[in-house]
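Subject: Structure for you, with notes

Hello,

Here is the structure I promised. Please open it first, then read the notes below.

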Amino acid sequence: MYYVYILASKANAMLYIGVTNNLARRLREHKNGEIEGFTKTYGIYKLVFFEEFSDINDAIACEKRLKRWTREKKNSLVESKNPNWNDLGEGFV
């Protein structure tokens with residue numbers, strides 16, 4: 001399985017969109033600061049949305065589409081599945 005996921009900073013001020021084939025491992029890497037770059041620099045590790053795909057090409061297409069969306073549209077997507085912006089990663093890590 002493949003996952004498109006959205007991470008948020010603690011105050012939900014910043015978002016990160018990624019794709020992975022192992023969501024639990026990837027969340028651990030983000031939370032432990034093992035991945036250099038944007039998420040580590042800005043402390044973005046709270047899982048607020050994810051979607052599962054059986055085909056990697058579908059997952060990548062979704063990730064690219066979401067990255068082009070406005071912040072307002074991304075917020076609406078998160079809130080449609082997770083209205084309180086809870087950390088959904090606690091069940092994975």
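Start with Lys31. At 28% relative accessibility, Lys31 counts as partly exposed, because partly exposed covers the range between under 20% and over 50%. Please keep in mind that this is a predicted model.

**Salt bridges**

Lys31 has a salt-bridge partner, Asp87. The N to O distance between their side chains is 3.1 Å. Lys31 lies in helix H1, while Asp87 lies in the segment after helix H4 (71-81), so this pair ties together parts that are 56 residues apart in sequence.

How many salt bridges does the structure hold? The count is 5.

Two others sit within helix H1, which spans residues 23-31. In one of them, the side chains of Arg25 and Glu29 meet at 3.2 Å, N to O. Arg25 and Glu29 are 4 residues apart, about one turn of the helix. In the other, Arg26 bridges to Glu29, with the closest N and O atoms 3.3 Å apart. Here the spacing is 3 residues, again about one turn of the helix. This fits a general rule: an α-helix has 3.6 residues a turn, so residues three or four places apart point the same way.

Glu29 is a partner in both bridges. Shared partners join Arg25, Arg26 and Glu29 into one network.

Buried or exposed: how does Glu29 count? Glu29 counts as buried, because its relative accessibility is 16% and the cut-off for buried is under 20%. Arg25 counts as partly exposed, at 30%.

**The hairpin**

Strand E1 (residues 2-8) and strand E2 (residues 15-20) run antiparallel. They are joined by 6 bridges. One pairing to look up is Val4, whose bridge partner in E2 is Val19. E1 and E2 form a hairpin, with 6 residues between them. Look at Asn12 in the turn: its phi is positive, about 60°.

**Helix H4**

Which residues of H4 are buried? They are Lys74, Asn75, Leu77 and Val78. These buried residues cover an arc of only 160° around the axis, which puts them on the same side of H4. They pack against E1, E2, strand E3 (46-53) and helix H3 (56-68). The hairpin strands are therefore among the packing partners of H4. The face turned away from the buried side carries the exposed residues Glu72 and Ser80.

Best wishes

How values were computed:
Residues numbered from 1 in each chain as written. Predicted model: local features only at pLDDT ≥ 70, side-chain atom pairs only at ≥ 80, totals over all residues. Heavy atoms only, no water. Salt bridge = Lys/Arg side-chain N within 4 Å of Asp/Glu carboxyl O. Buried < 20%, exposed > 50% of the residue type's maximum accessible area, 1.4 Å probe, protein only. Pairing = 2+ DSSP bridges. Arc of directions from axis to C-beta. Contact = heavy atoms within 4.5 Å.
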